[in-house]
Amino acid sequence: MLMENTLGGLIRNGGVFADVEGKTPEEIFNKVCREVVFPEGFDREALITELVEREKILSTAVGNGIAIPHPRKSMVQEDSDQRLIVCYLKKPIDMSSPDERKVSVMFILLTKSTQFHLQILSDLAKLIHQEDFRKFLDTKPNMDSLVEKINSMVV
């Protein structure tokens, strides 16, 4: 697998954003999607709309203060354009999480294929289920620290 197609590679493509302000998922998506470096010609507005619409259908909150927002359809065409955008929220927000905890960390996932999307969701789920990883996220690690931790935990 290409380095860019690992969790760490996807995070390096997407970026890590700390203390993101917003009271709703839409406010968070608007703020972050305007700061992320996307490929030339990428439609930020369409991404924001897709993320908001997806959230209206069913919350992407997975529990333990974490959400994994993603559009319902692929919005990138190339492997190198896939990304995982990490957002540490300044104040946790309610996203109707199954455990009723407010969300403080978002992993916004953009992939080009359903199969790869499901693989990355599976890899993320394995990490999120580990208490030491969740505690590490609470420290709001920078990109290098986060990627290093993930690389040390993923087999």
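Which side chain meets that of Glu45 in a salt bridge? The partner is Arg34, with N and O 2.6 Å apart. This pair links distant parts of the chain. Glu45 belongs to helix H3 (residues 44-57), whereas Arg34 belongs to helix H2, and 11 residues separate the two. The model examined here is predicted. Glu45 has a relative accessible area of 43%, so this residue counts as partly exposed. Arg34 is also partly exposed, because its relative accessibility is 45%.

Helix H2 also holds a salt bridge within itself. Glu35 pairs with Lys31, and their closest N and O atoms lie 3.8 Å apart. The cut-off for a salt bridge is 4 Å, so this pair qualifies. Both residues sit in helix H2 (residues 25-35). They are four residues apart, which is about one turn of the helix. Glu35 is partly exposed, with 43% relative accessibility. Lys31 is partly exposed as well, at 37%.

A further salt bridge joins two loops. The side chains of Asp79 and Lys112 meet at 3.2 Å, N to O. Asp79 is in the loop between strand S3 (66-67) and strand S4 (83-93). Lys112 is in the loop between strand S5 (103-110) and helix H4 (114-128). The two residues are 33 apart in sequence, so their pairing ties together separate parts of the chain. Asp79 has a relative accessibility of 27% and therefore counts as partly exposed. Lys112, with a relative accessible area of 36%, is partly exposed too. The count of salt bridges comes to nine. Among them are Glu45 with Arg34, Glu35 with Lys31, and Asp79 with Lys112.

Arg134 presents another case. This residue is found in helix H5 (residues 131-138). Arg134 is buried, yet has no salt bridge. The nearest side chain of opposite charge belongs to Glu131, 5.0 Å away. A salt bridge requires a distance within 4 Å, so Arg134 and Glu131 do not form one.

What does the side chain of Arg134 reach at 3.3 Å? The answer is the backbone oxygen of His129. His129 is also one of the residues in contact with Arg134 when neighbours within four places in sequence are left aside. The others are Asn64, Ile66 and Ile128. Arg134 thus combines a buried position with a side-chain approach to a backbone oxygen.

Methods
Residues are numbered from 1 along each chain as its sequence is written. This is a predicted model: local features need pLDDT of at least 70, side-chain atom pairs count only at pLDDT 80 or more; totals for chains, interfaces and linings use all residues. Side-chain values use heavy atoms; hydrogens and water are left out. Buried means under 20% relative accessible area, exposed over 50%, partly exposed in between (1.4 Å probe, protein chains only). Lys and Arg count as positive and Asp and Glu as negative; His and the chain ends are not counted. A polar contact is a pair of N or O atoms within 3.5 Å; within protein, one must be able to donate a hydrogen and the other to accept it, and residues adjacent in sequence count only if both atoms are side-chain atoms. Contact means heavy atoms within 4.5 Å.
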